[in-house]
Amino acid sequence: MAGHPRGVSSDLTVPSYERQPGVNPPLDFPEYRSTALRAPHQPLVLLPHRLTEITGPLLGAERVTPADADLTIQHAGEPLGQRITVSGRVLDSDGRPVPDTLIEIWQPNSAGRYRHVVDNHPAPLDPNFTGAGRCLTDSEGRYRFVTIKPGSYPWGNHLNAWRPAHIHFSLFGRAFAQRLVTQMYFPGDPLFFQDPIFNSVPELARQRLISRFDLSLTEPEVSLGFAWDIVLRGRGATFFEPPGDRR
Ligand SMILES: [Fe+2]
């Protein structure tokens, strides 16, 4: 086929990241009401990754600066709330680190309010906090963000529904077509029991979404630290959201 390097077959595919049974929730989960609108009514079709997907342009490492990973220094003043460091590794199915992968995070401020046009619940915006950051994993697959512990927020799923505190994570693999999205939670959150998004994940995999307090990540008199590894495939895999699921 024209356009392919000599000797490279157009049939080349790379391993895909299929939804694994026992890790991911059903796409239609009645307690999470809006899944009824999003869940596909036809069987999913797996699109193999071919050369087009794996050789397409990436963001480019030079566009990501160290300051992008510190959500507390993006404005003139410091944001309100508990400063935290969130760090961990991105691992493939056999524990191999995944280097140079772009991780983006987004979250509400310490009062539980997103800086977003559709979030208008009565909590204050923080002029010193946008709530978005990004970084690339290093050669050991490690990432590190400095941010503010997000607050819980109400949502309209059911009467008095509140989301446990969480940070949204997006991972790009070696190509944009490999984007995966998930959420990280905090240990001991009292809102887990009533959250259908968290509870739609099978119980074993649910625990993998909860970060771990890590004293070694804290900074004396400055910030607390939470560790969270993301496993892309295999028995220890992290749950990933279906496309369009971004609450
Ligand atoms: Fe959220």
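Let me start with one pair of residues, because it leads us into the sheet: Glu-104 stands opposite Arg-134 in β3. Please keep in mind throughout that what we are looking at is a predicted model.

Glu-104 belongs to the pairing of strand β2, residues 102-106, with β3, and these two strands run antiparallel and are joined by five bridges. Together with two further strands they make up an open sheet of four, whose order is β3-β2-β7-β8 and whose pairing is antiparallel. At the edges stand β3 (132-136) and β8 (180-185), and as each of them has a single partner strand, one side of each is left without a neighbour in the sheet. If direction is ignored, neighbouring strands of this sheet are turned against each other by 25 degrees on average.

In a regular strand, as a general point, the side chains alternate between the two faces of the sheet. Along β3 we can follow this residue by residue, since Gly-133 and Cys-135 point to one face and are buried, whereas Ala-132, Arg-134 and Leu-136 point to the other face and are not buried.

Moving across to the other end of the order, β7 and β8 run antiparallel and are joined by six bridges, and here Ser-170 stands opposite Val-181 in β8.

Strand β7 also brings us to the metal, so which residues coordinate the iron ion? The donors are the OH atoms of Tyr-114 and Tyr-153 and the NE2 atoms of His-166 and His-168, at 1.9 to 2.2 Å. Along the chain these donors follow the spacing Y-x38-Y-x12-H-x1-H. Tyr-153 lies in strand β5 (residues 153-155) while His-168 lies in strand β7 (residues 166-171), and so this pair ties together parts that are 15 residues apart in sequence.

Are these two donors buried or exposed? Tyr-153 has a relative accessibility of 3% and therefore counts as buried, and His-168, with a relative accessible area of 0%, is buried as well.

As for the geometry, the angles among the four donor atoms run from 89 to 158 degrees, and the site of the iron ion is irregular. For reference, the ideal angle for four tetrahedral donors is 109.5 degrees.

Let me finish with the chain as a whole, which has four helices and 11 strands. Of its 247 residues, 44% count as buried, and the chain exposes about 13500 Å², of which carbon and sulfur atoms supply 57%. Finally, if we take the contacts between residues at least 6 apart in sequence, 69% of them join residues at least 24 apart.

Methods
Residues numbered from 1 in each chain as written. Predicted model: local features only at pLDDT ≥ 70, side-chain atom pairs only at ≥ 80, totals over all residues. Heavy atoms only, no water. Buried < 20%, exposed > 50% of the residue type's maximum accessible area, 1.4 Å probe, protein only. Contact = heavy atoms within 4.5 Å. Areas by Shrake-Rupley, 256 points an atom, 1.4 Å probe, with all protein chains shown as cover. Donors = N, O, S within 2.8 Å, 3.2 Å for Na, K, Ca; no water. Tetrahedral: all angles 85-135°; square planar, octahedral: opposite > 155°, others 65-115°. Pairing = 2+ DSSP bridges. Axes fitted to C-alpha atoms, helices over the stretch in contact; angles between N-to-C directions.
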